[in-house]
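This briefing is meant to be read with the sequence and the coordinates open side by side. It begins with the overall character of one chain and then turns to its contacts.

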Amino acid sequence: MVPLSWFLILGAALFAVGLFGVLARRNAIAILMGIELMLNAVNLNLLAFWRYLWSDSLTGVVFVIVVLAVAAAEVAVGLALIISIYRRRSTIVAEEINLLKW
Amino acid sequence: MTGPQIIFLAAAAVTLIAAIMVVTVPRLVHAGLWLILSLAGIAVLFIMLDNGFLAVVQVAIYIDAIAILIILAMMLTRAAMSDTEPQINRMWLASAFASLIIMAGLLWIVSQAPAASRGPLVDAEVGLDALGRALVDVDGFILPFEIASVLLVAALVGAILVAMTPARGD
């Protein structure tokens, strides 16, 4: 039997790795990949909680499906923005996209 | 150590190592391929949580759509950043520190949770039938379902608009 805490520990570690990617990578696409890792960690936690504590209701599964839909929307808009920025300023390095920086 | 525990540890190790490679390898395309491996590990864990449907959805949406989209975007923007220049910024040490603090906090919360050592509930068969009905049931989840659909349509139309070729003289 796999205890619930194993899934939660893995989720925490995966979230931290994704957070490091978001904070430290310079390439905007790599930052998006870090966000995907964080969303996956959240999904894993949601599904583990559903399976171990509330598997008589469907709420956890629906939660994961909604997070998946939001992730798909987020990555589509994010990549469109990155490609648009690349076309106009020919850079995708996050620190060079500083037009709005005060 | 029982069979499920060994499978869990193997899948978790693959997921975590692949995730670490995603954020550390200098070549961006390799990072994308590691991302696919990490997402596949998550799909295995979904199967371990007795939800084969979401595992299939994970493969179909994350690996098939999102990862491929990311790799395509990498190929479209390849000229912007060579693989030889540094891929992490000068704040990486502070970033690693912040991530470690967040992870320590999360682990502390997990250690405080009363249900952390609990085993899975028995007979957790989620019927696809029941899930499909609940998603369009007025007493179920029709509102989040419809909001998610509207969000997807709006996001995709917006993505097309944003990524459209700019007009001449723009």
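**Chain B in outline**

Of the 170 residues in chain B, 25% are buried. The model is a predicted one, and the points below describe the fold of chain B, the side that touches chain A, one pair of helices and one residue in the first helix.

*Fold and dimensions*

- Chain B is built from six helices and has zero strands, so that its elements, read from the N terminus, follow the order α-α-α-α-α-α.
- The radius of gyration of chain B is 21 Å, whereas a compact globule of 170 residues would be expected to have one near 15 Å.
- Measured out along its principal axes, the C-alpha trace of chain B spans about 65 × 45 × 25 Å.
- When contacts in chain B between residues at least 6 apart in sequence are considered, 47% of them join residues that are at least 24 apart.

*The side that touches chain A*

- The contact between the two chains takes 76 residues from chain B and 67 residues from chain A.
- On the chain B side, at least two residues each come from α1 (3–24), α2 (28–48), α3 (52–76), α4 (92–112), α5 (128–135) and α6 (142–163).
- The helix that gives the most to this side of chain B is α4(B), with eleven residues.
- By residue class, the side of chain B that touches chain A comprises 61 nonpolar, 13 polar and two charged residues.

*The pair α2(B) and α3(B)*

- The axes of α2(B) and α3(B) lie 9 Å apart, and the two helices pack at an angle of about 175°.
- Because angles over 145 degrees count as roughly antiparallel, α2(B) is roughly antiparallel to α3(B).
- Residues that α2(B) brings to this contact include B:Leu28, B:Gly32, B:Leu35, B:Leu39 and B:Phe46, while those from α3(B) include B:Gly52, B:Gln58, B:Tyr62, B:Ile70 and B:Met74.
- The residues of the contact of α2(B) with α3(B) divide into 19 nonpolar and three polar, with no charged residue among them.

*B:Gly3 in the first helix*

- B:Gly3 is found in helix α1 of chain B, and this residue is exposed because it has 7 other C-beta atoms within 10 Å, where 12 or fewer count as exposed.
- B:Gly3 and B:Val22 are 19 residues apart along the chain, and their C-alpha atoms are separated by 29 Å.

Methods: Residues are numbered from 1 along each chain as its sequence is written. Chains are lettered from A and ligands numbered from 1 in the order in which they are written. This is a predicted model: local features need pLDDT of at least 70, side-chain atom pairs count only at pLDDT 80 or more; totals for chains, interfaces and linings use all residues. Helices (H or I, at least four residues) and strands (E, at least two) are DSSP runs, numbered from the N terminus. The radius of gyration is taken over C-alpha atoms; the globule rule is 2.2 Å times the number of residues to the power 0.38. A residue is buried if 20 or more other C-beta atoms lie within 10 Å of its own, exposed if 12 or fewer, and partly exposed in between; C-beta atoms are placed from the backbone. Two residues are in contact if their C-beta atoms, placed from the backbone, lie within 7 Å. Ala, Val, Leu, Ile, Met, Phe, Trp, Tyr, Cys and Pro count as nonpolar, Asp, Glu, Lys and Arg as charged, and the others, Gly among them, as polar. Axes are lines fitted to C-alpha atoms, for helices over the stretch in contact, and angles run from 0 to 180 degrees between N-to-C directions. Angles under 35 degrees count as roughly parallel, over 145 as roughly antiparallel, 65 to 115 as roughly perpendicular and the rest as oblique.
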